[in-house]
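Here is a small set of exercises to work through with the model open in your viewer. Try each task before you read its solution.

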Amino acid sequence: MKRRLLLLLPLLIFLGLGFFLYRGLAMDPSARDSALLAQPFPAFTLSTLEDPDARVDESLLRGQVTLVNVWAEWCPTCKEEMPQLLTLAERGVRLIGIDYKDTRAKGREFLDEFGHPFEVNIFDPDGDLGFELGVYGVPETFLVDADGFIRYKHTGYITPDDVERVMREVEKWH
């Protein structure tokens, strides 16, 4: 009897591992809260997309509620998201962009073609700031309160249906 149980042990281990693997694959990583919620926006000093000599740092995000949108020219869903960002900007939301792993020329071409809702675009060609934010795919959007703390994260592009939810989050932190 013991011997039979020992023969079944590898099968039971395999089934147990298969269950946990299946469960893990079924989870939506975008549904997880960011580890940065309620944390200060990471420190950085980078140039702007528009002017390589203009340096900005995290103090740019203090003083008023701001949506920080991580985008890139090579990102197809960033193109789909741009009308919603333009709508948010028209409704008075302060938007700061982070041009992620891009070139200046491509980033500028993107904005010329799809619109420019951003007050400032931070140029992050190596993705260092994106790494500090835990970005694993663009676009991603962070709501930063007037004290510079991250209060909300939207993973993926902001769809037309998401605009009102994002507006409620902005209004909640004003």
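The exercises below go from the overall fold to single residue pairs, and the model they use is a predicted one.

**Exercise 1. The inventory**

Task: Find how many helices and strands the chain has, and in which order the elements run.

Solution:
- Start with the count: the chain holds five helices and seven strands.
- Next, walk from the N terminus and write down each element, which gives α-β-β-β-α-β-α-β-α-β-β-α.
- Then look at burial: 43% of the 174 residues of the chain count as buried.
- Finish with the contacts between residues at least 6 apart in sequence: 73% of these join residues at least 24 apart.

**Exercise 2. The sheet**

Task: Work out the strand order of the five-stranded sheet, and say which strands stand at its edges.

Solution:
- Lay the strands side by side: the open sheet reads β5-β4-β3-β6-β7, with mixed pairing.
- Now look for strands with a single partner: these are β5 (120-124) and β7 (150-155), so each has one side without a neighbour in the sheet.
- Check the twist as well: ignoring direction, neighbouring strands are turned by 20° against each other on average.
- Turn to the pair β4 (residues 95-100) and β5, which run in the parallel sense over five bridges. Within this pair, I98 has I122 in β5 as its bridge partner.
- Then take β3 and β4, which also pair in the parallel sense, over five bridges. Here N69 stands opposite G97 of β4.

**Exercise 3. Strand β4 and the helices**

Task: Decide whether the two faces of β4 are covered or open, then find which strands α2 and α3 touch or lie across.

Solution:
- Take one side of β4 first: L95, G97 and D99 are buried there.
- Turn to the other side: I96, I98 and Y100 are buried too, so both faces are covered.
- Put this together: six of the six residues of β4 are buried, so the strand is largely enclosed by the rest of the structure.
- Now add helix α2 (residues 76-90), which lies across β3 (66-71), β4 and β6 (140-144) and runs at about 165° to β3.
- Helix α3 (residues 104-114) also packs on the sheet: it touches β3, β4 and β5, and its direction makes about 120° with that of β3.

**Exercise 4. The nonpolar core**

Task: Name the residues with the most contacts inside the largest nonpolar core, and follow the contacts of F41 and V56.

Solution:
- Begin with the core itself: it has 44 residues, and F41, L88, I122 and L133 have the most contacts inside it.
- Select F41 and leave aside its neighbours within four places in sequence; its contacts then include V68, I98, L133, V144 and I150.
- Move to V56, which sits in strand β2 (residues 55-57). V56 has a relative accessibility of 14%, so it counts as buried.
- With sequence neighbours within four places left aside, V56 is in contact with F44, T45, L46, T48 and I122.
- Look at that last partner again: V56 and I122 are 66 residues apart in sequence, yet their C-alpha atoms are 7.5 Å apart in space.

**Exercise 5. The disulfide**

Task: Find which cysteines form the disulfide, and give its handedness.

Solution:
- Search for the sulfur pair: C75 is joined to C78, with an S to S distance of 2.5 Å. The total for the model is one disulfide.
- Compute the torsion about the S-S bond: at about 90°, it makes the disulfide right-handed.
- Check the surroundings: C75 and C78 are both buried.

**Exercise 6. Salt bridges**

Task: Of the six salt bridges, examine those of E140, D145 and D162, and classify the residues as buried or partly exposed.

Solution:
- For E140, the partner is K153, with the closest N and O atoms 3.1 Å apart. The pair links distant parts of the chain, with E140 in β6 and K153 in β7, 13 residues apart. Both E140 and K153 are buried.
- For D145, the partner is R151, at 2.8 Å between the closest N and O atoms. D145 is buried, at 6% relative accessible area, whereas R151 is partly exposed at 27%.
- For D162, the partner is R165, at 2.5 Å from N to O. D162 is buried at 9%, while R165 counts as partly exposed at 35%.

Conventions. Residues numbered from 1 in each chain as written. Predicted model: local features only at pLDDT ≥ 70, side-chain atom pairs only at ≥ 80, totals over all residues. Heavy atoms only, no water. Pairing = 2+ DSSP bridges. Helix = DSSP H or I, 4+ residues; strand = E, 2+ residues; numbered from the N terminus. Axes fitted to C-alpha atoms, helices over the stretch in contact; angles between N-to-C directions. Contact = heavy atoms within 4.5 Å. Disulfide = S-S within 2.5 Å. Buried < 20%, exposed > 50% of the residue type's maximum accessible area, 1.4 Å probe, protein only. Core = buried A, V, L, I, M, F, W, Y, C linked by side-chain atoms within 4.5 Å. Salt bridge = Lys/Arg side-chain N within 4 Å of Asp/Glu carboxyl O.
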